[in-house]
Amino acid sequence: MTTTMQAPGVASAELMELLRGMLEEQYAVDTDRLTRMTVHAALPQRFGRDLRTLAIQTTSVRRRIAETAQALRRMSEGSYGLCGDCDQAIPLGRLRARPQATRCASCERRRPFAAAG
């Protein structure tokens, strides 16, 4: 049986604080990682990374920072935990695994070539 959020604000305060904490920690980790990557890109040896690899990794980290910031915004607006396509609750298991999720797994599978969200 899958546990789901029934509507925004229905999840327990403890669960929302846990998810918020996960998002805030991920934001801090990724922001620190982006800062280090930016410094590495400016150095002659780049710590063994070529510019192309750094560019790809930087793009990925920036995307994750943006997704995390959007999830935190949805939390403050009260729309966190609802699928952006079908408006149904995103299962808690999915939110625990990917707190930035904007869609339920069913809607995500129907979006060909879309980035995970």
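Biologist: Why is the pair Cys83 and Cys86 not called a disulfide?

Modeller: A disulfide is a pair of cysteine sulfur atoms within 2.5 Å. The sulfur of Cys83 has its closest cysteine sulfur in Cys86, at 3.6 Å, which is too far for a bond. A search of the whole structure finds zero disulfides.

Biologist: What kind of model do these values come from?

Modeller: This is a predicted model, in which local features need pLDDT of at least 70 and side-chain atom pairs count only at pLDDT 80 or more, while totals for chains, interfaces and linings use all residues. Residues are numbered from 1 along each chain as its sequence is written, and side-chain values use heavy atoms, with hydrogens and water left out.

Biologist: Are Cys83 and Cys86 buried or exposed, and how do you know?

Modeller: Buried means under 20% relative accessible area, exposed means over 50%, and partly exposed is in between (1.4 Å probe, protein chains only). Cys83 has 1% relative accessibility, so Cys83 counts as buried. Cys86 has 29%, so Cys86 counts as partly exposed.

Biologist: What makes Arg36 and Asp32 a salt bridge?

Modeller: The term requires a side-chain nitrogen of Lys or Arg within 4 Å of a carboxyl oxygen of Asp or Glu. The closest N and O atoms of Arg36 and Asp32 are 3.0 Å apart, so the pair qualifies. Both residues lie in helix α1 (residues 13-42), four residues apart, about one turn of the helix. Helices are DSSP runs (H or I, at least four residues), numbered from the N terminus. Arg36 is partly exposed at 42%, and Asp32 is partly exposed at 43%.

Biologist: Which parts of the chain does the salt bridge of Glu67 and Arg98 link?

Modeller: The closest N and O atoms of Glu67 and Arg98 are 2.9 Å apart. The pair links distant parts of the chain, with Glu67 in helix α2 (residues 51-77) and Arg98 in the loop between α3 (92-97) and α4 (105-109), 31 residues apart. Glu67 and Arg98 are both buried.

Biologist: Why is the salt bridge of Asp85 and Arg103 said to tie parts together?

Modeller: The side chains of Asp85 and Arg103 meet at 3.2 Å, N to O. Asp85 is in the loop between α2 and α3 and Arg103 in the loop between α3 and α4, so the pair ties together parts 18 residues apart in sequence. Asp85 is partly exposed at 40%, whereas Arg103 is buried at 15%. Salt bridges that share partners join Asp85, Arg94, Arg103, Glu108 and Arg111 into one network. The search of the whole structure finds 10 salt bridges.

Biologist: What makes a group of residues a nonpolar core, and how many residues has the largest?

Modeller: A nonpolar core is a set of buried Ala, Val, Leu, Ile, Met, Phe, Trp, Tyr and Cys residues joined through side-chain atoms within 4.5 Å. The largest has 15 residues, and those with the most contacts inside it are Leu19, Leu23, Met75, Tyr80, Cys83 and Leu95. Its largest share, four residues, comes from α1.

Biologist: Which residues does Met75 touch?

Modeller: Contact means heavy atoms within 4.5 Å. Leaving aside residues up to four places away in sequence, Met75 touches Met16, Leu19, Arg20, Leu23 and Tyr80.

Biologist: How do you know that the span of α1 agrees with its number of residues?

Modeller: The expected span of a helix is 1.5 Å times one less than its number of residues. The 30 residues of α1 should therefore span 44 Å, and its end C-alpha atoms are 43 Å apart, which agrees.

Key:
Helices (H or I, at least four residues) and strands (E, at least two) are DSSP runs, numbered from the N terminus.
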